[in-house]
Every structure is written in C-alpha cells, then in structure tokens.
Amino acid sequence: MELSVLFTPGKIGDVEVKNRFVHAATYESMAEEDGRVTDMLIRRYSRLAEGEVGLIITGIAIVHPLGNVPGRAIGIHSDAMVPGLRRLADAVHEHGAKLFIQLLHAGAQTNRQAIGRTPLAPSLIGPNPMYLNFARPMREQEIGEAIRAFGQAARRAAEAGADGVHIAASGGYLLNEFLSPYFNRRKDEWGGSDENRFRVMREVIREVRRNLAPGMALTVKMTANDYTPRDGMTTPLAARYAGWMAELGIDALEIASGCTTYSGWHIWRGGVPVRELVKDLPGWQKPVAWLKFRSMAGKYDFTGPYNLEDARVIKAAIGEVPFILVGGLRRLSQMEEIVERGEADFVALSRPLIREPNLVKKFREGRAEESSCTSCNRCFAEIVHRRPLRCMATK
C-alpha cells in the first residue's frame, strides 16, 4: 500500500519533521502563575508526541512581562524559565517529535491585573471591547524594548533545546496590531504605510534570527483577515507582508483569521457555548454577556478548511517557503488532497488534538479517517475562565 504523503518527512529550514502533522499553537492555561512549565504541561506535550504528532508548536509563550495575558501562560521572558522549557523539549524529543516555541507579546489584548499597568499598543483607538480598558500608544524606546524581548526569548528557546520558534503575528496581539491598519494609526516611522507598519515585524525577525542557535527554524503565524470594524488585515495586504517575510528568510509561514477581541469566532468557527462562557462571570456582567454571546450563536457554524481560500493567495507570494495550513481540518483524505495539490506543505490541528492527542497515530494505523471533534468550543470556555484546557464534549 502506498504511503500517504502525510506520513512522509518534511523540512522546515534545517529541521526535518517526521510527518506533515503539526500541533497548532493552543493556549492551555496550564503554567504556573509566573509562567514556569508545570508537570501538567509536560504530560500534555508528552501525550501529543507519543501520539505521533511530528511538530509540536507550544501555546502562548510570553516574551515580556508587559506582554502577558490574563491566566497561566507559559513564560519565556526570563532566564528562570529555561529549565522548565528544557524539560518540555526533552519530553517531546523523547518520542521523536520536534518542538517550536511560540513567541508572543499581548499588546493591547490584556489588562492591568495581568501586567500591573496600562496595556501597550501601537495606537490609541478607543476602549477594548473585551477587556473594557484603554491601551496606551507605545513610545519609541518601548518598541525597541519589545523587539529586543523577542530576540532574548529566541536565545532562551535555543538554550532550552527547542528546534525552532514560531513568531505570533496573529490573533490581534502586538505584532498583528502593528501590521494592521486598523490598530496601527501611527504617523511616524512605525506606521502610516505598509512598509512602515511592517517595520516592527522586520526588526523582530532579524533580532530573533540573530539569537537562534545554528539549525533552528524561524517560523511565523500571521493573520490574513482580522475582521475588525473597519479594514485592517486583508488577504492582499497579508500576501504582500508574506512576500517580504520570505525575502527575510523565514523558514515557514502559517496563516490564521480573526482577532480575539473583535472577531474571536472567526478563529474558532463552530459552536458558541453561551452557558459555559457566562456561568463563571461576575453577576453584573452576566446579562450583557448572555445577550452578546446569544447574538453570535449560529453565525459562525463550522465549515472547513476555512482558511484555504486565503492560503491559496498567500502561499503564491512566498515561493518555496513551506506553508502550514490550520483551521477546520478534520478528515484525513481532505488533508491528503491539500498537501498533494501543493496548497500546503504541513497541516496543523488544534481542537482535534485536544480531544484526541493520539489522533495522528490513529490515522496512521487506519483506526480513524476523521477527527471526532464536534467544534462545540466548550474547551474554549474553559480557558476563558482560566481553567486548564481540556475537551468538554460528552460524546
């Protein structure tokens, strides 16, 4: 029987991955309060590696204390984080998988409770509809500090033995905010044109590359459409940025859609678990939250793969740079067709691997043709309330 293309090795830079399956960066809310790796995280990643996922991209790893998120995100902002990250890398490598650490600065998508002060952003655009606060425009020296923080995070990833880093320029976080005309309304050298808005990304890529060990991969996750109230990231703009990233020598690109603050359900198409999202909120928030989430129900029904149309445009802009497709991938035969047609080089899964960490092994052994994930999104409700990530489906 001919071997499926999904179970053939693929290369990302100098890193050889044993198959084409990627664990997409997924926030777990499983770290210690200060960001240190826990035994719970080690167990989760070990199960994924045992389940034959070829490449595991971590959940959020915070590069700077002022870029933290509410909850229990992994930290890579301090040298004190390195021993725990090394344990994580060792656990993944033990089972033949590769580990990339996702590097993220939250930007405006956080609150004073998480960082101890007013959040930072490229520009002042009004109150954040999720966190109900204002972010302050970054000063020149703060932009430089954030760029350097990405570089130092890359150094720590190298010291921890990771195989690569995955720069988060998606989801409405800081780098997405600098790239997006909706969030970035600056008139200085960091905004006002596509070239200036890209400047932070260019400097981050260069700084990260300088701090990686030889042979490590540098990959990026970028939003194609952020669905903000007025035009922000669009597919043509994302394709232009992707071409510039390819010229800078990134080793792979993954695209996403949506923005956590304004259009989260474009990221997590499927059910809107109203009851679970509302039940742990303070009493004064519940009536408004109930009405808001109820109004969303039924508007973001799951259809997949939902980033494929954007992928076709953006992949054409990056030439031979490997492309990772995420978003709504469920059937093995569909993933095979996508890779065989050259529409992606790797396929990334998030919710299916929350439900079945051994799904890739089941695919290889012929015990499954499709994920049993129903995209109910009740797992998302768990991390909204700062509880450890887990599948909440009953069947």
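Colleague: Which element gives the most to the lining of the second largest cavity?

Modeller: In this predicted model, that element is α13, with three residues. Both α13 (351-355) and α15 (378-384) give two or more residues to this lining.

Colleague: What makes the second largest cavity a cavity, and which residues lie nearest its centre?

Modeller: The term cavity applies because a 1.4 Å probe fits there but cannot get out. About 90 Å³ of space lies within the second largest cavity. Its lining has 13 residues, and R351, C373, C376, C379 and C391 lie nearest the centre. By class, the lining comprises seven nonpolar, three polar and three charged residues.

Colleague: How many cavities of 30 Å³ or more are there, and what is the volume of the largest cavity?

Modeller: The count is three, and the largest cavity has a volume of about 140 Å³. Of the 17 residues lining the largest cavity, A108, I125, N128, A135 and F183 lie nearest its centre. This lining divides into nine nonpolar, seven polar and one charged residues.

Colleague: Why is α7 called oblique to α11?

Modeller: The axes of α7 (residues 235-248) and α11 (residues 308-315) cross at roughly 40° and come within 9 Å. Angles under 35 degrees count as roughly parallel, and 65 to 115 as roughly perpendicular. The crossing angle fits neither range, and therefore α7 is oblique to α11.

Colleague: Is that crossing left-handed or right-handed, and which residues meet there?

Modeller: The crossing of α7 and α11 is right-handed. From α7, T235, A238, A239 and A242 meet D310, V313 and I314 of α11. The residues of this contact are five nonpolar, one polar and one charged.

Methods
Residues are numbered from 1 along each chain as its sequence is written. This is a predicted model: local features need pLDDT of at least 70, side-chain atom pairs count only at pLDDT 80 or more; totals for chains, interfaces and linings use all residues. Side-chain values use heavy atoms; hydrogens and water are left out. On a 1 Å grid over the protein atoms alone, a cavity is a set of points where a 1.4 Å probe fits but cannot get out, and a pocket is an open set with protein on both sides within 12 Å along at least five of seven lines; lining residues have an atom within 4 Å of a point. Grid points are joined across faces, edges and corners, and a volume is the space filled by probe spheres set on the points. Ala, Val, Leu, Ile, Met, Phe, Trp, Tyr, Cys and Pro count as nonpolar, Asp, Glu, Lys and Arg as charged, and the others, Gly among them, as polar. Helices (H or I, at least four residues) and strands (E, at least two) are DSSP runs, numbered from the N terminus. Axes are lines fitted to C-alpha atoms, for helices over the stretch in contact, and angles run from 0 to 180 degrees between N-to-C directions. Angles under 35 degrees count as roughly parallel, over 145 as roughly antiparallel, 65 to 115 as roughly perpendicular and the rest as oblique. A crossing is left-handed if the near helix is turned anticlockwise from the far one by less than a right angle, and right-handed if clockwise. Contact means heavy atoms within 4.5 Å.
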